[in-house]
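The exercises below go through a structure step by step. Each gives a task, followed by a worked solution.

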Amino acid sequence: MTRVFNFGAGPATLPQEVLEQVQAELTDLHGTGISVTEMSHRDKGFMAIAQQAEADLRELMAIPSSYKTLFLQGGAQGQFAAVPLNLLDGKANADYINTGHWSKRAISEGGRYCKVNVAASSEASGFTTVPPQDQWILSPSAAYVHYTPNETIGGVEFPWIPETGDIPLVADMSSTILSRRVDVRRFGVIYAGAQKNIGPAGLTVVIVRDDLLGRARSEVPSVLNYKLQAEQGSMFNTPPTFAWYVAGLVLDWIKRKGGLTAMAEINKRKADKLYACIDASGGFYHSPVDPDCRSWMNVPFTLADGRLDSIFLEQAAAVGLVQLKGHRSVGGMRASMYNAMPEEGVDTLVQFMQQFSQKKG
Ligand SMILES: *Cc1c(COP(=O)(O)O)cnc(C)c1O
């Protein structure tokens with residue numbers, strides 16, 4: 001079997017060791033004679049897996065005891081609705097920061113439940129930067145402030161955490177969670193779909209500060225009710241057991257690799273190498289993103305001659321570099337380099353890009 005380097009934005013590559021462990025345990029989990037996918041979520045074997053995954057997430061992110069961690073379904077976009085439904089608490093409006101595709105989707109879904117005030121936007125730059133905090137117009141009556149720390153499609157990442165005073169800060173961390181250390185205490189709610197940097201699709205991680213529980217509107221679906229799910233250990237309904245199990249293996253893998261400090265070092269090095277290659281190409285490749293907020297995780301870039309796009313993709317695939325096609329809304333290329341992308345994959349990509357530009361430039 002040959003594995004290729006998969007630069008897809010999500011569902012994304014997983015660590016080889018984790019996949020091999022899943023394979024080895026798939027038909028007989030720890031001598032039980034059954035698969036984890038066949039096990040009751042209330043079984044003590046699964047409960048131990050679930051609790052260990054939660055403990056490892058809390059340890060890796062240094063989540064204070066005043067926060068709950070939830071393992072839910074519904075994806076990040078389920079949270080686009082869950083956030084207003086859980087946090088409005090009788091208020092009529094919320095502030096959103098618009099930095100691109102995923103912020104816009106959050107704004108449009110949020111707008112179904114409350115009056116959305118777009119407190120800042122980088123639309124004028126074509127979403128190639130983040131709006132500096134001194135340009136934000138926050139409303140004192142907002143129930144929360146929502147932003148997207150890393151825009152997965154635009155490749156724009158906040159290099160700083162916004163300051164919102166007493167108003168809870170809510171972050172869609174789907175494509176940046178676990179890529180580096182963050183101070184969880186700065187946030188009211190953090191949520192992330194697992195399929196970028198945590199594990200398989202189907203699992204959504206929510207980290208919520210205790211004082212924000214119990215504000216839910218009565219009509220919030222029970223499966224999305226933070227307080228109810230916190231009280232029931234995320235098992236009000238059947239959780240995504242297989243995805244939770246694999247996420248646990250990924251978290252354990254991150255711990256063995258040195259935790260988030262080590263992840264951040266490697267991720268920064270990978271990103272630096274790829275951006276350096278783009279910037280040194282004499283315009284053959286181009287990154288549209290402001291150098292101050294270039295994402296470590298998702299690197300969109302274009303070829304000066306777009307007619308070469310399909311041949312670039314073909315030749316890259318021929319040397320085992322796949323899923324590099326950019327999002328249809330942006331075009332060009334995009335290399336996603338989550339924790340599980342080995343540095344060797346980025347080195348191989350950089351070498352390929354240099355050779356390609358020499359041949360075609
Ligand atoms: C992928 C992604 C989403 C969408 O997640 P779903 O799990 O498909 O709902 C939302 N926000 C960001 C930042 C993403 O990267």
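**Exercise 1: Backbone geometry**

Task: locate Ala 62 and Pro 11 and describe the backbone at each.

Solution. Ala 62 lies in the loop that joins helix 2 (44-61) to strand 2 (67-72); helices (H or I, at least four residues) and strands (E, at least two) are DSSP runs numbered from the N terminus. The phi of Ala 62 is near 50°, a positive value in a residue other than glycine. Pro 11 sits in the loop between strand 1 (5-6) and helix 1 (16-25). The peptide bond from Gly 10 to Pro 11 is cis, and its omega is near -10°.

The model is predicted, so local features need pLDDT of at least 70 and side-chain atom pairs pLDDT 80 or more, while totals for chains, interfaces and linings use all residues. Residues are numbered from 1 along each chain as its sequence is written, and side-chain values use heavy atoms, without hydrogens and water.

**Exercise 2: The ligand shell**

Task: describe the residues around the ligand and the polar contacts of Gln 77, Thr 152 and Asp 172.

Solution. Step one is the shell, where a residue counts if one of its heavy atoms lies within 4 Å of the ligand. There are 13 such residues, and Gln 77, Thr 152, Asp 172, Gln 195 and Lys 196 come nearest. By class, three are nonpolar, eight polar and two charged; Ala, Val, Leu, Ile, Met, Phe, Trp, Tyr, Cys and Pro count as nonpolar, Asp, Glu, Lys and Arg as charged, and the others, Gly among them, as polar. Helix 3 (residues 75-87) gives the most to this shell, with four residues.

Step two is the contacts, each a pair of N or O atoms within 3.5 Å. A polar backbone atom of Gln 77 is 2.8 Å from an oxygen atom of the ligand. For Thr 152, a polar side-chain atom lies 2.4 Å from a ligand oxygen atom. An N or O atom in the side chain of Asp 172 is 2.6 Å from a nitrogen atom of the ligand. Taken alone, the ligand exposes 390 Å², of which the protein buries 87% (Shrake-Rupley method, 1.4 Å probe).

**Exercise 3: Pocket and cavity**

Task: what are the volumes of the largest pocket and the largest cavity, and what lines them?

Solution. On a 1 Å grid over the protein atoms alone, a cavity is a set of points where a 1.4 Å probe fits but cannot get out; a pocket is an open set with protein on both sides within 12 Å along at least five of seven lines, and lining residues have an atom within 4 Å of a point. The largest pocket has a volume of about 410 Å³, the space filled by probe spheres set on points joined across faces, edges and corners. Its lining has 24 residues, with Ala 9, Gly 10, Trp 102, Lys 196 and Arg 334 nearest the centre.

The largest cavity has a volume of about 50 Å³. Its lining residues include Thr 13, Lys 196 and Tyr 338.

Conventions
Polar contact = N/O pair within 3.5 Å; in protein donor to acceptor, adjacent residues only side chain to side chain.
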